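Hi,

Here is the structure I said I would pass on. Have a look at it first, and then read my notes below.

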Amino acid sequence: MSKIQMKTPLVEMDGDEMTRILWRMIKDELILPFVDLKTEYYDLGLEHRDETDDQVTMDSALATKKYGVAVKCATITPNADRMKEYNLKKLYKSPNGTIRAALDGTVFRAPILVKGIEPYVRTWKKPIVLARHAHGDVYKDSEMKINAENLPVKAELALTDAAGNETRQEIFTFKGDGILEGMYNTGASIRSFARSCFEYALDQKMDLWFSTKDTISKVYDGEFKAVFEQMYEQEYKEKFKAAGIEYFYTLIDDAVARVIRSEGGMLWALKNYDGDVMSDMMATAFGSLAMMTSVLVSPDGVYEYEAAHGTVQRHYYKYLRGEETSTNSVATIFAWSGALRKRGEMDNLPELMTFGDQLEQAAIETIESGKMTGDLALITTLENVTKLNSEDFIRAIRARLEQLRA
Ligand SMILES: NC(=O)c1ccc[n+]([C@@H]2O[C@H](COP(=O)([O-])OP(=O)(O)OC[C@H]3O[C@@H](n4cnc5c(N)ncnc54)[C@H](O)[C@@H]3O)[C@@H](O)[C@H]2O)c1
């Protein structure tokens, strides 16, 4: 069979450790035999980031803006140990943080559901996608400790504008020791977040839920609520109606209760801290971190696909020692399928879109037929499963994909 043709290149961001090994296998077994692949390749492996003083990360983000779709392998975010291990010139920032800031994007995390890997919540039948506003709040706060000296101590919010006018508001007067925190967000960032969420919900034809604690935080959380509401009323109400989906705001505590009782299928947008906590809970509740995909969407419709998990360091060291590994490649495969399908959609290439669907179907059916990697074999409800090593699992998916395309 002739290979599927592409028009515009995908931006390909290679990465680190075990996921870099899987990346090569996925391309060789599951992509290159079927697609006449066009990519613009950026090596985001830590060595190359160090060689280029991290310029390669910024270049890959700019290329993503230019072409509109990227697929990314997991990468190491260096810490002190990594600095020694890789003899780095300096402690580089997280590539995901750099790319997210350059694209002004929001991260959407979605679980991959397969029969045999059952969510802990019995009622969940469809994926729940989480959107986290990854900007500001407690992650960029200023904090102080108040010691029990020279009491009382008055804490105030103070604003000074360009003309030198001051506005002050009392926070609390301390009569003993205590703690204080100041945090912020920007209107531009909240609007970008809201727009990315509305666009993603439309793209996926999913209801959008948004929740904050605006009854308590009337100005701060109230502003988030107001921005979403206004954008919905002015720009998205009609589009949502036409797509048969809904926008729904509720308090975060009510949302948690409703999500647990629901059958899933919604996009749940959350402020930074709420999203941080809830996304890890969701990954576990759906069964496995290795079965979570992640897509960064910018408000102007640029997409970057990846797995939600990291570089699976422990397996990589086993691999380096020549031992057999059984690393789950499904989320990385779904990063490729998602990116190829989106490229196909943007370039009007139905064959490429179908290929994305078939690749996902092949991966799901392989697991459902009882062939899986060790992490899934430990938690599956299927009986008589075969645990495969990293290569054999990908080869099993290839065999299924060939049947689907025959
Ligand atoms: N998006 C990213 O690029 C990204 C995300 C998270 C962590 N990281 C990086 O990854 C490195 C390792 O971090 P970590 O150990 O905290 O996270 P990790 O996701 O690599 O591993 C966490 C745990 O889950 C297991 N696991 C994760 N994915 C798996 C898979 N596909 N198959 C089988 N088991 C899997 C691992 O064995 C480990 O026990 C770090 O250097 C970190 O900076 C990168």
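A quick term before we start: two residues are in contact if their C-beta atoms, placed from the backbone, lie within 7 Å. Helices (H or I, at least four residues) and strands (E, at least two) are DSSP runs, numbered from the N terminus. Axes are lines fitted to C-alpha atoms, for helices over the stretch in contact, and angles run from 0 to 180 degrees between N-to-C directions.

Keep in mind that this is a predicted model, where local features need pLDDT of at least 70, side-chain atom pairs count only at pLDDT 80 or more, and totals for chains, interfaces and linings use all residues. Residues are numbered from 1 along each chain as its sequence is written.

Now the sheet. It is open, has 10 strands in the order 2-1-3-14-13-4-5-12-10-11, and its pairing is mixed (two strands pair if DSSP finds at least two bridges between them). Strand 2 (39-43) and strand 11 (247-251) are the edges; each has a single partner strand, so one side of each has no neighbour in the sheet. From one strand to the next, the twist averages 20 degrees.

At the strand 11 end, strand 10 (residues 207-212) pairs with strand 11 in the parallel sense, over 5 bridges. F210 has Y249 of strand 11 as its bridge partner. Helix 7 (residues 220-243) lies across strand 10 and strand 11, at about 165 degrees to strand 11. Elsewhere, helix 5 (residues 95-103) lies across strand 4 (106-111), strand 13 (292-297) and strand 14 (303-307), and runs at about 40 degrees to strand 13.

Two helix pairs are worth a look too. Helix 1 (residues 17-31) packs on helix 10 (residues 313-320) at about 70 degrees, with the axes 6 Å apart. That makes them roughly perpendicular, because 65 to 115 degrees counts as such (under 35 is roughly parallel, over 145 roughly antiparallel, and the rest oblique). E17, M18 and I21 of helix 1 meet Q313, H315, Y316 and Y319 of helix 10.

The axes of helix 12 (residues 350-368) and helix 14 (residues 390-405) come within 8 Å and cross at roughly 125 degrees, so this pair is oblique.

Last, the ligand: which residues come nearest to it? Of the 17 around it, they are T77, A290, H309, G310 and N328 (a residue is near a molecule or strand if its C-beta atom, placed from the backbone, lies within 6 Å of it).

Cheers
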